Amino acid sequence: MKKNMGSQDKLIRIIIAIIIAILYFTNVISGTLAIVLLVVAGIFILTSIIGICPIYSILGISTCKKSTTNA
């Protein structure tokens, strides 16, 4: 699959995942909400590492910078 996530998108997802982890480990969130948010955080980390967001693919979105090559 073609990468469809730009560096800013990846950074934002990682920051959100870190915030969710901090909230969980400081017991600010708990129960079902915590589990759901931890799963979302895991998905954010995974998609940031591989650079592909399946939802972006379905919707035809890409946050990658377009390469402009002069040939």
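Here are four short exercises with worked solutions on the predicted model above.

Residues are numbered from 1 along each chain as its sequence is written. Since the model is predicted, local features need pLDDT of at least 70 and side-chain atom pairs pLDDT 80 or more, while totals for chains, interfaces and linings use all residues; side-chain values use heavy atoms, with hydrogens and water left out.

**Exercise 1. Find the salt bridge and describe where its partners sit.**

Step 1: Apply the criterion, a side-chain nitrogen of Lys or Arg within 4 Å of a carboxyl oxygen of Asp or Glu. Searching the whole structure this way gives one salt bridge.

Step 2: Name the partners. They are R13 and D9, with 3.2 Å from N to O.

Step 3: Place them. Both residues belong to helix α1 (residues 7–25), four residues apart, or about one turn of the helix. Helices here are DSSP runs of H or I with at least four residues, strands are runs of E with at least two, and both are numbered from the N terminus.

Step 4: Check the exposure. R13 and D9 are both buried (buried is under 20% relative accessible area, exposed over 50%, partly exposed in between, with a 1.4 Å probe and protein chains only).

**Exercise 2. Over which ring does the charged end of R13 sit?**

Step 1: Set the test: NZ of Lys or CZ of Arg within 6 Å of the ring centre and within 35 degrees of the ring normal.

Step 2: Read off the result. The ring belongs to Y56, and the charged end of R13 is 5.3 Å from its centre.

**Exercise 3. Classify the pair formed by Y24 and F25.**

Step 1: Recall the cut-offs for Phe, Tyr and Trp (its six-membered ring): centres within 6.5 Å, with planes under 30 degrees apart stacked, over 60 edge-to-face and the rest tilted. The count is one aromatic pair.

Step 2: Insert the values. Y24 and F25 lie 5.1 Å centre to centre with 75° between the planes, an edge-to-face pair.

Step 3: Compare exposure with the cut-offs above. Y24 is partly exposed because its relative accessibility is 32%, and F25 counts as exposed because its value is 65%.

**Exercise 4. Place I43 and relate its position to V28.**

Step 1: Locate I43 in helix α2 (residues 31–50).

Step 2: Assign its exposure. With a relative accessible area of 45%, I43 is partly exposed.

Step 3: Set sequence beside space. I43 and V28 are 15 residues apart in sequence and 21 Å apart in space, C-alpha to C-alpha.
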